[in-house]
Protein chains: 2
Amino acid sequence: MRRDIFQAISDPTRRGIITLIAMQAMTPNAIAENFNTTRQAVSKHLRILTECEIVKQEQQGREIFYSLEIEKMKEIDKWLTQFREIWETRFNQLDKVLSTMSADRQAIKEQKK
Amino acid sequence: MRRDIFQAISDPTRRGIITLIAMQAMTPNAIAENFNTTRQAVSKHLRILTECEIVKQEQQGREIFYSLEIEKMKEIDKWLTQFREIWETRFNQLDKVLSTMSADRQAIKEQKK
DNA sequence: TAATTATGAAACCAATCAGTTGCAAATATA
DNA sequence: TATATTTGCAACTGATTGGTTTCATAATTA
């Protein structure tokens, strides 16, 4: 049962939970109200998210408030870096192509004169 | 069997394939050599990645070259935006706290004089 | 033409998954 | 103290997953 953040975010309900508690801590009951599923199912998702350390708990009496461990989200961002480099390079290359085209057109214009 | 990109990247082998073909197109056989699994299993992964439009094929004779559809990766980046906003805000807040602390220390210093 | 190579697809399997129902423990309230 | 509320956990279920083996098809090469 070795879980990682990529498996954690693969489920749409879990992504929903992550988004929901990103701004404010919430109890399992309150979270479950937002989804078309049972409280127990949400509880299981929370366990998975806790195991992955995407979520942290804070007990207050008999209630437990769950909130997002935002730092963990950076791991996805980190993995994306390699691809971001590629699409930025392509963009720069396109930029280069466009300016070259522009220069060429200018040259043609000059030639016509 | 409705698949999305988050499910596609949840499997470590698929993430490996994505990284592998990010820079250059490769055939299924060549890809499979890089993983401790059969060619057929890789073929199945490629089918999933193709269904999600993360990967594109180009037939050359009896060989098929698979390459990354980098634009699709931006969808993950887009989803991350909401969290990036949070961690950047927190960073700015920390920045504010630090400068306030600095000002306080300065005030204490001044008081001591 | 016959053999080889590259590939996808089908059938099957064990493991895992997301969900449900039922229950126990702890806390709060009447 | 008795009852209600909040929660996690265990047992079960049907669906899905990632993998293997086997086979069919198409293109290349001897």
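## Phosphate contacts

Let's start at the backbone of DNA strand C: one of its phosphate oxygens sits 2.9 Å from a polar side-chain atom of Asn29(B). Bear in mind that this is a predicted model.

Chain A joins in as well. His45(A) has a polar side-chain atom 2.3 Å from a phosphate oxygen of DNA strand C, and for Thr37(A) an N or O atom of the side chain is 3.0 Å from a phosphate oxygen of that strand.

## The surface around strand C

Stepping back, 25 residues surround DNA strand C, and the ones that come nearest are Arg14(A), Thr38(A), Lys44(A), His45(A) and Tyr66(B). By character, the residues of this surface split into eleven polar, nine charged and five nonpolar. On the DNA side, sugar or phosphate accounts for 65% of the strand C atoms within 4 Å of the protein, with bases making up the rest.

Which elements supply at least two residues each? From chain A they are helices H2 (12-20) and H4 (39-51); from chain B, helices H3 (28-32) and H4 (39-51) plus strand E2 (63-68). H4(A) gives the largest share, with five residues.

## A look at Arg15(A)

Now for a residue in helix H2 of chain A: Arg15(A). Is it buried or exposed? Arg15(A) counts as buried because its relative accessible area is 12%, under the 20% cut-off.

The side chain of Arg15(A) gets to within 2.7 Å of the backbone oxygen of Ile9(A). Beyond its neighbours within four places in sequence, Arg15(A) is in contact with Ile9(A) and Ser10(A), and also with Asp4(B), Phe6(B) and Trp79(B) from the other chain.

Definitions and conventions. Residues numbered from 1 in each chain as written. Chains lettered and ligands numbered in written order. Predicted model: local features only at pLDDT ≥ 70, side-chain atom pairs only at ≥ 80, totals over all residues. Heavy atoms only, no water. Near = heavy atom within 4 Å. Polar contact = N/O pair within 3.5 Å; in protein donor to acceptor, adjacent residues only side chain to side chain. Helix = DSSP H or I, 4+ residues; strand = E, 2+ residues; numbered from the N terminus. Nonpolar A, V, L, I, M, F, W, Y, C, P; charged D, E, K, R; others polar. Buried < 20%, exposed > 50% of the residue type's maximum accessible area, 1.4 Å probe, protein only. Contact = heavy atoms within 4.5 Å.
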